[in-house]
Each structure stands twice: as structure tokens, then as C-alpha cells.
Number of protein chains: 2
Amino acid sequence: MSGENGRVAVRSEMRWNGWGDPARASDLPRAVRMLLPLLLGRPQKPATAVNLAEVRVEPSALLDGDLQALTAVVGAEHIDTADESRIRHAGGRSTPDLLRRRQREQASPDAVVLPGSHDEVAALLRVCADRGIAVIPFGGGTSVVGALDPDRGAHRAVISLDLRRLSGLIRLDEVSGEACLAAGTAGPEAEALLAAQGFELGHYPQSFRYATIGGFAAARSSGQNSAGHGRFDSMVTGLRVATPTGDIDLGRSPGSAAGPDLIRVFLGSEGIFGVITEVRVRVHPVPRERVLESWSFADFSHGVDGLRQVAQNGGGPTVIRLSDEAETAVSLAQVGRIGKALAKGASIVTVYEGDGIGERRARTSEILMTAGGVSSGASGAEGWLDGRFDGPYLRDSLLDAGVFCETLETATTWSNLHHLRAEITAALRGGFAAAGAKSYVMCHVSHVYPTGASLYFTVLANLRSDPLEEWAEIKRRVNDSIIAAGGTISHHHAVGRDHAPWLEKEIGETGVRILAAIKRELDPTWILNPGAVIMSDRSA
Amino acid sequence: MSGENGRVAVRSEMRWNGWGDPARASDLPRAVRMLLPLLLGRPQKPATAVNLAEVRVEPSALLDGDLQALTAVVGAEHIDTADESRIRHAGGRSTPDLLRRRQREQASPDAVVLPGSHDEVAALLRVCADRGIAVIPFGGGTSVVGALDPDRGAHRAVISLDLRRLSGLIRLDEVSGEACLAAGTAGPEAEALLAAQGFELGHYPQSFRYATIGGFAAARSSGQNSAGHGRFDSMVTGLRVATPTGDIDLGRSPGSAAGPDLIRVFLGSEGIFGVITEVRVRVHPVPRERVLESWSFADFSHGVDGLRQVAQNGGGPTVIRLSDEAETAVSLAQVGRIGKALAKGASIVTVYEGDGIGERRARTSEILMTAGGVSSGASGAEGWLDGRFDGPYLRDSLLDAGVFCETLETATTWSNLHHLRAEITAALRGGFAAAGAKSYVMCHVSHVYPTGASLYFTVLANLRSDPLEEWAEIKRRVNDSIIAAGGTISHHHAVGRDHAPWLEKEIGETGVRILAAIKRELDPTWILNPGAVIMSDRSA
């Protein structure tokens with residue numbers, strides 16, 4: 001039905017069963033390989049990864065009439081029913097996603113459809129609503145919370161709506177510092193287009209190299225420069241959205257009291273209300289200068305005190321992040337300083353970009369020194385900066401070496417931060433211990449606010465016979481502990497399907513009723529990303 | 001039914017038919033009295049104001065059964081059916097509100113009910129939903145957009161739900177810098193409670209002396225210190241809300257990706273979805289220092305350039321506001337510098353509070369000088385600071401002197417600011433001219449963002465025979481011009497009933513459908529503030 005062989009030429013694809021550029025996949029750094037047996041004992045050999053060609057998917061459930069109707073909107077060349085494309089759109093990049101891709105039988109969407117304009121998106125949604133086909137909006141494919149699972153809901157088929165053709169800088173208002181970007185524009189492409197005009201968006205989550213502007217908005221992303229530029233929520237000044245029952249164009253002014261801010265209804269909606277097609281964002285001139293500095297602290301607690309005071313003082317670094325003792329040790333090992341890795345202590349990385357660096361750094365340094373910090377120069381921060389998008393490559397190498405590796409994150413007030421961290425750590429350690437696995441839990445704080453901060457955990461464990469099932473049970477424990485200890489179920493990974501069962505515990509029955517009411521109004525047949533954010537069984 | 005004489009002892013009341021403390025009402029300053037004939041010609045004598053005792057309201061439409069049911073929740077002493085209280089809760093403080101209060105026949109709510117707790121609010125909403133009684137949540141009574149009109153909607157009666165008994169500091173988390181305040185706490189009371197613990201909220205809209213914390217949230221207020229502390233939206237970290245169909249408690253963490261931010265559904269909801277009973281806010285230490293400085297510019301346009309660069313640079317003043325030539329002239333006249341008032345030019349007021357004032361001021365001064373500004377010392381800024389809450393008193397004096405005076409406001413991007421200002425100015429001048437009245441239009445910019453700013457207009461005109469009707473027509477012209485020229489229908493006054501007909505032009509039919517869907521879910525019998533924000537005829 002599409003092209004000569006049912007495939008569409010696409011821009012550089014990620015590894016289908018791992019992260020990023022296949023050419024960059026690599027073995028574990030030697031120091032990490034040495035460290036792992038000390039932390040986790042001897043690894044088990046993991047299940048052998050299957051090749052893409054060995055994976056079996058069900059035949060596409062789309063009927064000829066469906067394909068004709070979709071073709072009428074986007075043309076045959078933009079409908080892809082080849083197994084490879086369907087498999088490549090079968091999910092995101094959580095560790096469970098990657099483990100599932102080692103299996104021979106996999107669920108997948110029935111086709112990948114690539115609209116070329118806002119109007120085509122709107123028309124596709126009408127076609128799918130009429131014909132009862134579920135739609136999973138797809139940006140960079142980097143979800144780690146199951147937001148891209150090919151879930152049909154109550155429908156007979158499901159398509160992946162790949163937005164890569166909605167790409168580019170639509171408008172730049174240099175006076176106002178506002179850019180309008182097509183939703184399918186990937187991070188590096190957006191920054192390159194803006195940089196050509198002297199501007200920067202400055203949103204650098206770990207998924208930056210693949211994730212899209214629309215995905216940042218739909219999932220309420222938070223980037224590494226959040227101390228300086230805020231989370232993605234605060235960068236968005238306008239949205240254009242297609243829903244199955246009508247379009248909406250939001251964001252007339254930078255501040256407004258014209259009723260509730262409906263932009264915020266779509267930020268974090270993860271495609272369940274509509275498909276974001278254009279995003280207007282605040283941009284700033286490309287920074288001319290960058291200064292890096294690392295700090296050592298006796299322990300995590302002293303580091304938190306310093307971080308809190310920097311956040312509450314304002315006007316500090318562009319990036320500030322604190323690694324606990326366990327993460328500091330492994331980070332040092334990674335960059336080959338294995339000797340130092342045995343030293344106790346926590347570490348802070350600071351990066352300053354933009355104007356007034358001298359003053360901002362002086363103020364920040366004074367606070368960090370008073371909190372007990374000792375400057376350790378630029379090299380630690382340089383190491384972080386160089387590798388800041390490479391964590392997922394390391395995870396691939398660990399999985400191949402038989403080491404389970406996954407991340408999770410939350411946030412809370414400063415006064416509750418230590419309690420929440422202790423509870424989550426206990427849930428992780430207890431969970432792996434109950435499964436008979438050794439584990440190593442690391443934590444960092446990478447997003448700070450005047451009233452609180454995020455907590456980001458990385459856990460390593462030796463793989464057991466059924467890691468998917470074991471991790472599901474441990475993750476349940478962890479999510480329960482987050483809710484019980486007053487954290488949010490996600491600070492920046494979003495809800496997807498993985499966190500949906502916990503959302504009601506966070507926002508209450510009334511909160512879920514509000515989301516379901518909006519859903520029923522905009523998507524009455526519940527075709528959009530069924531099962532994500534709010535569970536399908538709440539459908540009217 | 002309530003107390004011995006149907007009245008409830010209440011805290012210091014505003015003038016029933018004007019602004020603020022009756023003891024502070026005063027004549028026009030001499031310089032303004034001299035200036036007015038030059039600007040507007042000889043004033044017409046206004047309609048004589050009636051005394052409160054002369055006002056006639058309809059008998060309360062509440063049935064004995066209603067009063068019994070309400071009494072069962074709050075007790076007889078907290079239900080007030082006296083004419084005076086009903087008249088005092090009959091509306092807000094827009095100029096049309098004040099003009100209506102010069103009439104003998106007035107609409108009013110059928111009772112004023114004063115709940116003492118969140119649970120009482122929730123119970124009252126259930127009683128009113130069961131019995132078909134509309135509910136107008138009432139904080140400080142300072143709305144200028146008709147949000148407090150005693151509109152019954154489709155119901156047989158309407159009560160004013162006065163929240164003054166929900167007052168006080170519920171919790172203060174000193175480490176996190178987060179305070180939980182009862183929604184009925186008035187601005188000065190909130191600041192006094194926080195100051196006793198060394199903290200400040202720092203939200204100072206012109207309505208500060210009377211408006212409440214819940215009102216700030218419900219109406220998306222923006223205070224004079226918005227350059228330093230942001231609009232009220234950005235201060236709110238949590239909300240507790242009672243709706244007719246259930247409670248909701250929001251705001252687990254300072255940043256979250258747990259679905260859309262539902263706090264934002266209630267900020268700006270103006271009581272149509274539920275009644276906000278508690279508000280958690282970000283607070284900061286009481287500033288130890290304050291520095292004031294005024295600046296003169298050749299014209300408004302140069303001033304805007306300076307303002308924009310300060311806003312885009314960040315880390316500048318706590319307050320920054322620019323008055324155009326017309327407002328600068330009248331401000332100078334008000335402080336007795338009538339000679340200077342004839343000089344051309346625009347003026348900027350800056351106020352710096354908190355830490356790092358030296359650096360922030362140096363950076364700001366350099367930008368303003370480069371933009372053509374000349375420092376004019378502290379006295380102009382001191383004059384503004386002294387009188388910053390007194391504008392409404394001046395309006396009362398003007399109305400008494402036969403001069404119509406009203407304000408309106410909007411916001412847009414920096415690149416659209418001059419166009420929008422010109423269109424609104426033309427609509428105002430043209431509107432008054434068409435009504436045969438001379439007018440004087442002043443404008444200031446008092447809220448700045450990286451991507452744009454607010455525009456706030458004050459218009460003076462000689463009163464004609466039917467100012468209410470004439471102004472209604474002029475205001476329609478202005479609102480149409482705001483929408484046509486790309487502004488928001490309100491930057492911080494909110495929607496109420498006055499702006500409701502224009503909201504759909506701003507957020508589109510899909511936007512109004514979203515609001516109506518939430519309304520139907522939370523308030524299915526449409527008892528809450530019917531006609532505000534979204535028009536009642538959209539009720540399901």
C-alpha cells in the first residue's frame with residue numbers, strides 16, 4: 001500500500017532494540033567492568049538478543065478500506081506497513097521495552113502513518129475516529145514510561161502517527177524572543193535552526209538527540225539546563241493542537257487571566273487529548289560563554305543544603321546537579337579515576353552560560369562553600385558535559401553484559417527530600433533482595449526549584465531469570481513508596497501506561513474525573529493513545 | 001434567621017459604593033482639579049449618590065427549607081439576610097459597579113453565607129446543588145470584571161459565599177519556603193502572618209488591601225512585584241478545592257510530569273469549577289533592603305525598548321513599570337509638579353528588593369541608559385510607592401467630580417505591543433468621541449516577560465447623561481480591538497461576566513468546549529458562578 005516495498009525513507013533511525021546510533025554502541029568501559037563484580041557479584045548471561053528479521057508480528061489488522069481512507073489523506077508513500085517499521089514503532093526505550101525486544105513475538109502497531117501537515121493530522125484523526133482505529137502519536141520514540149505501547153484500547157486496529165515530517169522552524173520573532181517550531185522537529189535540528197539565527201532554546205534532556213519538540217511538550221520534559229531556563233512547561237508560550245473533534249490554537253500573550261491556562265491542559269497530556277502539531281517557545285541568544293565547575297561535599301546531605309540555598313537565592317548556574325556518594329563513586333570510575341571512586345563523598349556539577357557569569361558564579365560559590373563544599377575544578381563537570389547524553393548507551397552495554405539497569409525519578413519539597421529518598425532506596429534494595437538479586441542504587445538531584453527538587457535514581461542489579469517480571473514487581477513497590485512518602489509519580493518521565501495506575505493516588509478521583517471529562521469531550525471514541533495517563537477502563 | 005438582627009459582625013468593610021476605607025475618601029488633589037478642565041472641559045454634575053439605606057432590593061428568594069439546610073451546615077449566626085449585607089455582596093468594584101450603586105433599585109444575592117471550614121464549604125455546595133441555589137464565591141469583593149454579579153443562572157435563588165472566615169496561615173514550611181494559607185485570608189493579613197515568621201509572599205496587586213489569597217488564585221492575579229516574583233500563577237504550589245461533586249488536593253511537588261498540571265485548571269476558574277479553600281504558595285525571606293529609582297525617556301517607544309531588554313536579560317528589578325507620556329504628565333501633576341507635567345516624555349519606576357541589589361541595579365541601569373533613559377532619582381518612584389494602592393480612591397473622587405474614570409488591560413508579545421496599544425487607544429478615543437465626550441487616555445506597562453508585556457489603560461472622560469450605557473458600547477469596541485489586534489482579553493483582571501463574550505474569540509470553540517466539559521463534570525447543575533467565564537447558555 002505504500003511505496004514500492006511498503007517502506008518509507010526515514011531520517012537516521014535509532015537502534016531498533018537499544019539506544020541511539022548503532023555505530024556508537026560500545027563495550028563497557030574497562031573501569032566499570034572491573035567495578036561491577038565488586039558491586040553485584042558475577043553477572044548471569046542474559047537472554048540472547050534476537051535480530052530484527054527474526055521478530056514475528058501479527059499481520060496488520062488494517063482493512064483495505066482503512067488503508068484507502070488513510071491514503072486519501074497522506075498518500076500511499078506515507079503509509080508504512082512493513083514489519084520493520086511496525087517493530088521500530090512498537091514502543092519506547094525503557095529497560096522493559098528493551099528486554100521485550102529480545103523476544104521473538106512482539107506486539108506492534110498495524111501501520112506507521114506519516115502526515116505532512118497540521119491539516120493532515122486533523123484529517124487522519126477524523127478518519128480514525130470514524131473507522132474505530134486507535135492512534136499512538138510518535139515523536140522521537142524515547143518514552144521510558146510505556147507511552148508508545150501499541151495499545152488498541154477497545155478498537156480493532158492501531159496506527160503509529162509518526163510526526164517526523166512536521167519538522168522545522170515555522171517562525172522566529174527575534175524581538176520577542178519567540179520561535180514557532182513544528183512538533184516533529186528533533187532536539188538537535190531545532191537547536192541548529194535556531195542557532196543559524198543566533199538563538200537557542202536551551203532544552204537538553206538526556207533524550208535530546210532523538211526526542212522532539214512536540215514530545216517535550218506532551219510529556220512535560222525537563223532538561224539539564226532547568227536551573228537556568230526552567231522546565232519545558234515554562235518555555236512554551238503557545239500550542240497548536242489537532243483533536244478528533246476540532247483544532248485549538250493557544251497562547252495569545254505571555255501572561256493572561258483569560259480563564260484557566262489551557263496550554264497546561266495539553267502539556268502533559270501525552271497525546272490522549274489531541275496531537276500537538278506546532279509549539280511556540282521562548283528562546284534566548286546563543287550564550288557566548290560557558291564556565292564549568294565541580295564541587296565535592298562530605299555527603300549528600302550537605303550537598304542538598306547547598307543546592308537548596310542556590311535554588312532559593314536565584315540567579316545562579318544554568319546547570320546544577322548533585323550526585324550522591326554511590327553515583328559519585330561510579331562516575332569517577334567511569335572516567336578512569338577508580339582510585340578516587342573509593343573515597344567517600346558527594347559531588348555537584350555546575351555549568352554557567354549566558355550573561356553575568358562572574359556575579360552568578362561568585363554568589364553560587366559563596367553559598368556552596370558555606371554549605372561545606374570544596375571546589376574540585378572543571379574536569380568533573382567537563383566529564384559530565386561530554387557524556388551527558390550517553391547514559392542510554394551505557395545501559396545497552398550493561399544489559400549485554402548481564403547487568404540490569406534502569407532509572408526512575410520523582411520530586412518533592414526540600415523538607416521531604418531525604419525521607420522520600422530513603423523510602424525509595426529501601427523499596428529498591430528490598431525489592432531486589434526479595435528477588436534474590438544484588439543491587440546498587442545511585443541517586444542524583446538534577447532539577448531544583450525554590451520549594452523543592454527532583455530525585456533521579458539509577459539502579460544496577462544482576463539479571464535474574466525473568467527480569468521483566470521481577471522488575472515489574474519491584475517497580476510497583478517503588479511507585480507505592482513514592483506515593484506513600486509524598487513524592488510525585490514522575491518529575492519528567494511522564495505517566496504513560498507504566499505510571500497510570502498510580503496517577504489517581506496522586507491527583508485523586510476528582511482529578512482523574514477532570515481528565516476523563518476533557519478526554520470524552522475532545523476524543524469521544526477514545527482513539528487517542530488509549531490506556532496512557534488515564535486507564536481505558538474509565539472510558540465512558 | 002441569622003444572629004439577632006440578621007447581621008454578622010465582619011472585619012473592616014469597604015465603602016459599599018466606592019473603594020476602601022470610608023475614612024480615607026477624599027477630595028481631588030488641587031493640581032488634578034486644575035488639570036481636568038484643560039483635558040476634558042467643564043465636567044457635568046453626576047447623578048447624586050444614594051445612601052445605602054435608600055437602596056431597595058427584592059426580598060430574599062430563599063425558602064425556609066433552604067435556610068434550614070444552610071443553617072444545618074454553618075449555624076444561624078453565619079447566614080446573613082440583612083439588606084445591607086446583601087447589597088455589600090452585590091458586585092465588585094468596576095466603574096460600572098460603582099455607577100450602578102448610585103441607583104435606587106439594585107440586584108443582590110438572596111443571602112450571604114459564611115462557612116468556617118473546607119468541610120463546611122463542601123457541604124454548602126452539596127446543599128445548594130441539591131436545592132438548585134446558585135453560589136457566588138466571594139473573597140475581598142474587588143473584582144472589576146463582573147465576577148461577583150448576583151447571577152442566578154437557571155436557578156431560583158443565589159447566595160454569596162463569603163470566605164472571610166477561612167482565614168489564616170495553616171502551615172509554614174520554612175525549609176522549603178512554602179506556606180499554606182486559608183483562601184479567605186486578605187493580602188495584608190497574609191503578609192503580616194508571614195512577616196511574623198520572617199517571610200514574605202510579595203504579591204501586591206492594586207487590590208492588595210482587600211483582595212484574598214483565594215481570589216488571587218481564582219482570578220490569576222498579577223502583582224506589582226511581578227518582575228521579581230512572577231504573577232500569582234507562578235507562586236502557587238498547591239490548592240485545595242471543594243466542588244459540588246468532590247474535593248481535590250493538588251500540588252505534590254514543585255515540578256511534575258504526572259499528567260497535565262491540574263492546578264492550572266483552577267487558577268483562573270473564577271469559582272465556576274469549585275471553591276478554592278486553601279492555597280499553598282512559595283514564600284521568601286522578608287527583603288532587608290529596598291532601593292528605588294526613576295528614569296525619564298524621550299518617549300514611550302524608547303522606554304519599551306529599555307523595558308524589553310531588562311526583561312529579556314533577567315535578574316533585574318523587583319518592580320519595573322513604564323508610564324507613557326500622558327500618564328507621566330498626570331502623575332507629575334498629582335505630586336504637585338504641575339510645571340513638569342507639561343514636559344514631554346515617558347517615565348520608568350524601578351524598585352529593587354532582596355539580595356544582590358547592587359549587581360541587579362548596575363545591570364539594569366546600563367541597559368536603561370543604553371536605551372536612552374536618564375535617571376531622575378528616587379522621588380518619582382517614592383511617589384509611586386506611596387500611592388500604589390490608592391488609585392481606586394482617586395477614581396471615587398473623580399466620579400464624584402463628574403469625571404468618568406475606568407481602567408482596562410491586556411498583554412501581547414513585544415513585537416506586537418505598539419500595534420495593540422495604538423488600536424486600543426483609537427478604540428477608546430473614537431468611542432468617547434462618538435458619544436460626544438472628551439477623553440484622556442493614559443497607558444502603562446507594569447508586567448514584563450521575556451517574550452512580551454502587559455498594557456494597562458486608564459481613561460478619563462467627561463461624564464455624559466448615561467455613562468453606564470455609553471461605556472458598555474465603548475468597552476465592546478475596545479474588546480473587539482484587543483481581539484483583532486492579537487491581545488489577550490485580560491492580563492490580570494480576569495474574565496468575569498464582562499469579558500465572557502470575548503473569551504471564545506481568544507481560546508476558540510474547542511477551548512470553550514474544554515471548559516464546559518470540566519464544568520459539567522464538577523458542577524453538573526451549573527450552580528457555581530453561573531455566567532462567569534463561560535456563558536450560561538453553553539450549559540448542557
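This briefing covers the interface between chain A and chain B and one helix of chain A. The model is a predicted one. In it, chain A and chain B each bring 78 residues to their contact, and the area buried between them is about 5800 Å².

**Interface between chain A and chain B**

- Carbon and sulfur atoms give 57% of the area buried between the two chains.
- Six salt bridges are found across the interface of chain A and chain B.
- In a salt bridge between Arg513(B) and Glu521(A), the closest N and O atoms lie 2.8 Å apart.
- Between the two chains, 36 residue pairs are in polar contact, with both residues at pLDDT 80 or more.

**The side of chain A that touches chain B**

- Elements of chain A that each supply at least two residues to this side include β9 (246–250), α11 (300–313), β16 (403–413), α18 (467–484) and α19 (500–522).
- The largest share comes from α19(A), with 14 residues.
- By class, this side of chain A has 31 nonpolar, 27 polar and 20 charged residues.

**Helix α18 of chain A**

- Helix α18(A) has 18 residues and reaches 25 Å from its first C-alpha to its last, close to the 26 Å expected at 1.5 Å a residue.
- The buried residues of α18(A) include Trp471(A), Ile474(A), Lys475(A), Val478(A) and Ile482(A).
- An α-helix has 3.6 residues a turn, so residues three or four places apart point the same way.
- Among the elements of chain A that cover the buried residues of α18(A) are α4 (95–100), α17 (417–434), β18 and α19.
- Just after α18(A), Gly486(A) has a positive phi of about 90°.

Technical notes:
Residues numbered from 1 in each chain as written. Chains lettered and ligands numbered in written order. Predicted model: local features only at pLDDT ≥ 70, side-chain atom pairs only at ≥ 80, totals over all residues. Heavy atoms only, no water. Contact = heavy atoms within 4.5 Å. Buried area = accessible area lost by both parts, 1.4 Å probe. Salt bridge = Lys/Arg side-chain N within 4 Å of Asp/Glu carboxyl O. Polar contact = N/O pair within 3.5 Å; in protein donor to acceptor, adjacent residues only side chain to side chain. Helix = DSSP H or I, 4+ residues; strand = E, 2+ residues; numbered from the N terminus. Nonpolar A, V, L, I, M, F, W, Y, C, P; charged D, E, K, R; others polar. Expected span 1.5 Å × (residues − 1). Buried < 20%, exposed > 50% of the residue type's maximum accessible area, 1.4 Å probe, protein only.
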